[in-house]
Amino acid sequence: MTYLVGKDLPQTPAGQRFRALLNKPDIMQIPGAHNGQAALQAKDNGFQALYLSGAAMSASMGLPDLGIITIEDACFFIRQIARASGLPLLVDGDTGYGEVLNVMHMVRAFEDAGAAAVHIEDQILPKKCGHLNNKKLATPQEMAQKVAAAAKARRDMVIIARTDAASSEGLDGAVARARLYYEAGADAIFPEALISEDMFREFVRRMLDVPLLANMTEFGRSPYFTASQFEDMGYRMVIWPVSSLRAANKAQDDLYKTIARTGGTQEMLPRMQTREELYKTIRYYDYESLDAGIVATVLPHIGQADRNAA
């Protein structure tokens, strides 16, 4: 598949495809993909939907996740991931980039860029990662207005409302907010930064009629659970928002340390994606075959010693 061939492109809107996956009996496993390459690698490993984290977008740009990036910044990432993979994409919409009209503009821009779903949160700017301290919340009514506006703006997009209230208002406050947001038009609820299995289970018990999303971020407040464990608790979706970026960044740092220490990259060759693997992932030869004027690529010969290292 290449995005250049019209018949290879999905014919059903992305939001409808996301909703169809959500309605299946098994939990949706939605790994984060911070760029088009990561999206293709996730697709090749069998995932059917992807997640785009605001923290991953910000960090990719060398910025903190404090509400600095713009709608157009996000659309740049949305377009490349949706175009590369063709998979339905859930996007982190932060606080909606402003108030009611800004939220509606965000939904239209994201959907036009190829997003299938978006979640917005009940923080106010400057917002913080949901697993950090002292988050400032909008009133429930203000957030409900944003949810209603998002639902009005979408064509097919799935709207997920995130509440960060558990840490400051307790489970009672978070559930009350979640119920209000659902009644305002959200298709699903994302309770952020729950700190125990009991809290995850109790949230489900109080919201049995509502699809729920669990966040399995690393190094946060929530314990580590597998997708099957979240499914057993009653969650319909689970995201691993920044995992691909964390792994890639750690590998890059190791690479730069190796070059600085040894003056070369040879020690890192066993940990590198080979040229052949890269070309396979990005469908290089599929693109090449579309233009008869391009001479077929032949990969450079690799000596046996180098092959063993690579």
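Trainee: What distance separates the centres of domain 1 and domain 2?

Mentor: In this predicted model, the two centres, taken over C-alpha atoms, are 32 Å apart. Domain 1 covers residues 6-241 and domain 2 covers residues 250-295, and these bounds come from an automatic or database domain assignment.

Trainee: What makes you say that the two domains are in contact?

Mentor: Contact requires heavy atoms within 4.5 Å, and 4 residues from domain 1 and 5 residues from domain 2 take part. The distance of 32 Å refers to the domain centres, so it does not conflict with a contact that is judged between heavy atoms.

Trainee: Why are strand 2 and strand 3 called a pair?

Mentor: Two strands pair if at least two bridges are found between them; strand 2 and strand 3 (residues 89-92) run parallel and are joined by 3 bridges, so the criterion is met. Within these strands, L52 stands opposite V91 of strand 3.

Trainee: Which sheet does this pair belong to, and why are strand 2 and strand 6 called its edges?

Mentor: The sheet is open, with 5 strands in the order 2-3-4-5-6 and parallel pairing. Strand 2 (50-52) and strand 6 (188-191) each have a single partner strand, so one side of each is left without a neighbour in the sheet, and that is why they count as edges. From one strand to the next, the twist averages 25°.

Trainee: How do you know that strand 7 and strand 8 are paired?

Mentor: The same test applies, since at least two bridges are needed, and 3 bridges join strand 7 to strand 8 (residues 237-240), the two running parallel. N215 stands opposite I239 in strand 8. The open sheet here has 3 strands in the order 1-8-7, again with parallel pairing; strand 1 (28-31) and strand 7 (213-215) pair on one side only and are its edge strands, while the twist averages 20° from one strand to the next.

Trainee: What makes a residue part of the lining of the largest pocket, and which residues lie nearest its centre?

Mentor: A lining residue has an atom within 4 Å of a point of the pocket, and 17 residues line this one, with A248, A251, Q252, R271 and Q273 nearest its centre. The space in the pocket is about 510 Å³. By class, the lining divides into 8 nonpolar, 8 polar and 1 charged residue; because Arg counts as charged, R271 is the charged one.

Trainee: Which elements and domains supply this lining?

Mentor: Helix 2 (36-44) and helix 10 (243-262) each supply at least two residues, and helix 10 gives the most, with 8. Domain 1 and domain 2 each contribute at least three residues to the lining.

Note on methods
Residues are numbered from 1 along each chain as its sequence is written. This is a predicted model: local features need pLDDT of at least 70, side-chain atom pairs count only at pLDDT 80 or more; totals for chains, interfaces and linings use all residues. Side-chain values use heavy atoms; hydrogens and water are left out. On a 1 Å grid over the protein atoms alone, a cavity is a set of points where a 1.4 Å probe fits but cannot get out, and a pocket is an open set with protein on both sides within 12 Å along at least five of seven lines; lining residues have an atom within 4 Å of a point. Grid points are joined across faces, edges and corners, and a volume is the space filled by probe spheres set on the points. Helices (H or I, at least four residues) and strands (E, at least two) are DSSP runs, numbered from the N terminus. Axes are lines fitted to C-alpha atoms, for helices over the stretch in contact, and angles run from 0 to 180 degrees between N-to-C directions.
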